[in-house]
Amino acid sequence: MPQPSMKEKQAIQDAFKEMSSHYEEVVDGELRLFWGWSYRSFLQELVRHTRIQPDQKILDIATGTSVIPRELLEQNIPGIQITGLDITESMLRHGQHKIRALDKQNAIRLVCGDAMVLPLAGNSFDVVVSGLASHHMNIPLMLSEMKRVLKPGGLLSIIDVGTSPIWETRIFQGLARVIAFGYFLIKENPTRAWAEAAAVRNLRTPLGWKNDLAQAGFNQISVKKLKSKYTWVPEPLHIQSSY
Ligand SMILES: C[S@@+](CC[C@H](N)C(=O)[O-])C[C@H]1O[C@@H](n2cnc3c(N)ncnc32)[C@H](O)[C@@H]1O
């Protein structure tokens, strides 16, 4: 599968730049509408089910406005250090603003960069997490970078939208693109519509995730479907694995 072009990456950055000031409210509305989850409880599900030990180094891929790092800090696990990485500077700026209000702000650092070419040293994190973002990436490239920065024995934990075999067929994938484009055009704007329609091709079934993880060299793979409001809407998945 091809690496997203520069034009696609620019469209993603433009879409999230436009959204950054009201991102958390918009996503809260979308998750409640499609899955029946509040945005906060959805990301708490990821944090609650990710085993983190004191003093570990954690990387949050595509951290957005730093909600996951802030949720991790709320767990009061002593000595953890969190790096949040994102490609969209204005999302990080909003995130940094919120981090400044916290007591333990030094435990979080934010880095601007591409998850498919991580500007981070190899073998340097105990845990890599990511929420609601893998569908904007080339999954094999993202996984190979996650593996490179994880220490041996490190844990990977991702929560995002999945798909089902029928939606992977060409005809249904085309239909899903049209639906995604139309919905986000009406509710948001053309850049978001374009970015979300392009993301449809990156969606994975649970089996697709298992295959990609195994191919990237991960083991102890688990992919769980999370509760969802409607059977016809692609379900949320929690993907965990170690390396
Ligand atoms: C839907 S938001 C999720 C943000 C955050 N994880 C959360 O759950 O609130 C998707 C994020 O992915 C980021 N993103 C998309 N492609 C990326 C890439 N190639 N590298 C790093 N971040 C990326 C966007 O900038 C955006 O902030």
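1. Aspartate 114 sits in the loop that runs between strand S3 (108–112) and strand S4 (125–131). The model is a predicted one, and what follows should be read with that in mind. Aspartate 114 counts as buried, because its relative accessibility is 14% and the cut-off for buried is under 20%.

2. The side chain of aspartate 114 reaches a backbone atom a short way along the chain: the nitrogen of methionine 116, at 2.9 Å. Once neighbours within four places in sequence are set aside, the contacts of aspartate 114 are Lys9, Leu85, Ile87 and Pro119.

3. A second loop residue to look at is tryptophan 35, placed between helix H2 (23–34) and helix H3 (39–48). With a relative accessible area of 7%, tryptophan 35 is buried.

4. What surrounds tryptophan 35, leaving aside its neighbours within four places in sequence? The contacts include Glu30 and Phe42, then Leu132, then Asp160 and Val161. Lys227, Ser228 and Lys229 also touch tryptophan 35, as do Val233, Pro234, Glu235 and Pro236. For proline 234 there is a further detail: its backbone oxygen is reached by the side chain of tryptophan 35 at 2.9 Å.

5. For orientation, tryptophan 35 can be set against alanine 195. The two are 160 residues apart in sequence, and their C-alpha atoms are 20 Å apart in space.

6. Helix H4 covers residues 67–74 and is mostly covered, with 7 of its 8 residues buried. Which residues of H4 are buried? They are Val67, Ile68, Pro69, Arg70, Glu71, Leu72 and Leu73. The charged residues Arg70 and Glu71 are thus listed alongside Val67, Ile68 and the two leucines, Leu72 and Leu73. Just after H4 comes asparagine 76, where phi is positive, at about 55 degrees.

7. On the surface, Phe181, Leu185, Ile186 and Trp194 make a nonpolar patch of about 400 Å². Helix H8 (residues 170–187) gives the largest share of this patch, 3 residues. Tryptophan 194, also a member of the patch, belongs to helix H9 (residues 190–199).

8. Is tryptophan 194 buried or partly exposed? Tryptophan 194 is partly exposed, because its relative accessible area is 36%, and that class lies between under 20% for buried and over 50% for exposed. Tryptophan 35, by comparison, is buried at 7%.

Methods
Residues numbered from 1 in each chain as written. Predicted model: local features only at pLDDT ≥ 70, side-chain atom pairs only at ≥ 80, totals over all residues. Heavy atoms only, no water. Buried < 20%, exposed > 50% of the residue type's maximum accessible area, 1.4 Å probe, protein only. Helix = DSSP H or I, 4+ residues; strand = E, 2+ residues; numbered from the N terminus. Contact = heavy atoms within 4.5 Å. Polar contact = N/O pair within 3.5 Å; in protein donor to acceptor, adjacent residues only side chain to side chain. Patch = residues over 30% accessible without salt bridge, like charges linked within 9 Å, V, L, I, M, F, W, Y side chains within 5 Å. Areas by Shrake-Rupley, 256 points an atom, 1.4 Å probe, with all protein chains shown as cover. Salt bridge = Lys/Arg side-chain N within 4 Å of Asp/Glu carboxyl O.
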